[in-house]
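Here are some exercises to work through with the model open beside you. Try each task before you read its solution.

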Amino acid sequence: MDLHACNCKNVTITEGIFGEVWVDNTDQTFTDPVPKIVKSYTMINTNKMEVIVITWGATIVSLKCPDKYGHPADIVLGFDNMKGYSNSVTNPFIGCILGRCANRIKNGHITIRGRDYELTKNDFNGKHHFHGGTNGFGRKVWDSYIAGCSVVMSYLSQDGEEGYPGAVLTTIRFKLTPDNKFDICMRATTSKPTIVNLSHGSMFNLAGHDAGEFELRKHKVLLNCDRWTFADYTDPVPTGAIRSVGGTVMDFRIPRILGEYMEKVPPGEGYDHNLCVIKSGQSGSSFIAKVWHVKSGRALEIYSNQRGVQFYTGGRLPPHIVPEFLYSYDLLEDIEETEENDVDNDEDDNEEETKIERHYKRITAVPKKLEFILGKHGARYKKYCAFSIQPQNYPNAIHYSHFPCSILYPGQVYYHDLTYKFEVHLANYM
């Protein structure tokens, strides 16, 4: 990561305090009354673009970008304070780093060099491992410092964390450039063979974070992908088959209006699928996607060196709340019975004994669907309120030899260079 050759006079960085969170000595959340400060970094360039990142999960809290009239708006989902970010129920990986392994691993089981490992099963149905586990990289407090016109964050994941083998040291560099590019450079090394697949979970609505489904459906989407990793609609984990996007709702090789395609995806939950990027043999970063909101003129281009990209349109927002106990018991009624003892009973002669019989019914608790997630400035985040484009390796790659290898070995360096490029279009030419 080159921290030199930067034009810092066009970008300012301000360090602040976002809040605090309670962690223990092993950096597990809410298990020991020890507060840890969560820092914030505000990056502003001369084009009225502003990005705020915090050390909780290396999260993008706010990203303000001007429209074609010069009016800036915050275009990423987020929360006002640490209470919102630290709630694992109402914050399903919004805006944070996704790791140690982004996306799903089937049944939370992996085998590396003949040894089996059981990972945390935290997918919405409790069957699969998802985005690094219950307390993955997105729910840790990262170390941080300012280097030139970049913000650098690092985190050391201990051997055995969330079931993964090996200690993994991860470093992320955030950099806002004068030409409205936001670079996220991710690097990782390990002490043992393990899985590393990092991405970022920012959710965008180019009309504004609070614009909702109505404006999201107006977005145009272009994806540089010609195939997709097939997954049955009843289970989002890829089966291993790779299919062409031609003639299907997965085909975004020419710009499509999002609202015309979302409802056509079985079973009507929109997109949450991995597509295969057209690489054409070139190394390094390549064009992944472009999204454009016509009314505001805001456009987002995404570049990455990864082979896959997860396209998600918020169909699982807000999440289900799964009860802590599957069954509970509710009191039906109190039935009072009076027994008169026999007159021949010398011990309890002429005495009455009253007994209360309690009858209960068993209640089966089912997951409860929230009406909305309370976001920044009172915004209500509902289904289809935003999209996320997450470049990464293919999901569940550890189980398929024909998928790109996801294992990182000691002595190797994992790297993922992700770039968000923001533009303003004054006319409709797509």
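**Exercise 1: A loop residue with an unusual phi**

His-377 sits in the loop between β29 (373-374) and β30 (380-381). Keep in mind that this is a predicted model.

*Task.* Find the sign of phi at His-377, then decide whether His-377 is buried or exposed.

*Solution.*
- Step 1: phi of His-377 is near 55°, which is a positive value in a residue other than glycine.
- Step 2: the cut-off for exposed is over 50% relative accessible area.
- Step 3: His-377 has 68% relative accessibility, so it counts as exposed.

**Exercise 2: Another positive phi**

*Task.* Go to Asn-180 and find out where it lies, and whether it is buried or exposed.

*Solution.*
- Step 1: Asn-180 belongs to the loop between β13 (168-176) and β14 (181-190).
- Step 2: its phi is near 65°, again positive in a residue other than glycine.
- Step 3: buried means under 20% relative accessible area. Asn-180 comes in at 11%, so it counts as buried.

**Exercise 3: A hairpin, residue by residue**

*Task.* Walk along strand β8 (residues 109-112) and sort its side chains by the face they point to. Then work out how β8 pairs with β9.

*Solution.*
- Step 1: the side chains of β8 alternate. Ile-110 and Ile-112 point to one face and are buried, while His-109 and Thr-111 point to the other face and are not buried.
- Step 2: four bridges link β8 to strand β9 (residues 115-118), and the two run antiparallel.
- Step 3: for one pair across the strands, take Ile-112, which stands opposite Arg-115 in β9.
- Step 4: two residues lie between the strands of this hairpin, and Arg-113 takes a positive phi near 55° there.

**Exercise 4: An enclosed strand**

*Task.* Look at strand β21 (residues 272-277). How many of its residues are buried, and which strands does it pair with?

*Solution.*
- Step 1: count the buried residues. Six of the six residues of β21 are buried, so the strand is largely enclosed by the rest of the structure.
- Step 2: on one pairing, three bridges join β21 to strand β18 (residues 225-229), running antiparallel.
- Step 3: on another, five bridges join β21 to strand β24 (residues 308-312), also antiparallel.
- Step 4: use Leu-275 to tie these together. Leu-275 has Trp-228 opposite it, and its bridge partner in β24 is Val-309.

**Exercise 5: The nonpolar cores**

*Task.* Which residues have the most contacts inside the largest nonpolar core? Pick Tyr-271 and list what it touches.

*Solution.*
- Step 1: a general idea helps here. In soluble globular proteins, nonpolar side chains tend to be buried together.
- Step 2: the largest nonpolar core has 63 residues, and Leu-63, Phe-174, Phe-182 and Tyr-271 have the most contacts inside it.
- Step 3: leaving out residues up to four places away in sequence, Tyr-271 touches Val-249, Met-250, Phe-252, Leu-258, Tyr-261, Met-262, Val-265, Phe-311, Tyr-312 and Thr-313.
- Step 4: another core, of 22 residues, lies apart from that one, and includes Val-23, Ile-52, Val-61 and Met-203.

**Exercise 6: The largest pocket and Pro-92**

*Task.* Find the residues nearest the centre of the largest pocket, then follow Pro-92 to its contacts.

*Solution.*
- Step 1: the largest pocket has a volume of about 960 Å³.
- Step 2: its lining counts 39 residues, with Pro-92, Phe-93, Asn-122, Phe-124 and Pro-319 nearest the centre. The elements giving two or more residues to that lining are β24 and β25 (320-321).
- Step 3: Pro-92 is in the loop between α1 (82-86) and β6 (97-98). With a relative accessible area of 27%, Pro-92 is partly exposed.
- Step 4: beyond its neighbours within four places in sequence, Pro-92 contacts Leu-317, Pro-319 and Ile-373. Pro-92 and Leu-317 are 225 residues apart along the chain, yet their C-alpha atoms are separated by 8.5 Å.

**Exercise 7: Cis peptide bonds**

*Task.* Where do the prolines of these two cis bonds lie: Pro-266 to Pro-267, and Leu-317 to Pro-318?

*Solution.*
- Step 1: the bond from Pro-266 to Pro-267 has omega near -5°, and Pro-267 is in the loop between β20 (256-257) and β21.
- Step 2: the bond joining Leu-317 and Pro-318 has omega of about -15°, and Pro-318 is in the loop between β24 and β25.

Conventions. Residues are numbered from 1 along each chain as its sequence is written. This is a predicted model: local features need pLDDT of at least 70, side-chain atom pairs count only at pLDDT 80 or more; totals for chains, interfaces and linings use all residues. Side-chain values use heavy atoms; hydrogens and water are left out. Buried means under 20% relative accessible area, exposed over 50%, partly exposed in between (1.4 Å probe, protein chains only). Two strands pair if DSSP finds at least two bridges between them. A nonpolar core is a set of buried Ala, Val, Leu, Ile, Met, Phe, Trp, Tyr and Cys residues joined through side-chain atoms within 4.5 Å. Contact means heavy atoms within 4.5 Å. On a 1 Å grid over the protein atoms alone, a cavity is a set of points where a 1.4 Å probe fits but cannot get out, and a pocket is an open set with protein on both sides within 12 Å along at least five of seven lines; lining residues have an atom within 4 Å of a point. Grid points are joined across faces, edges and corners, and a volume is the space filled by probe spheres set on the points.
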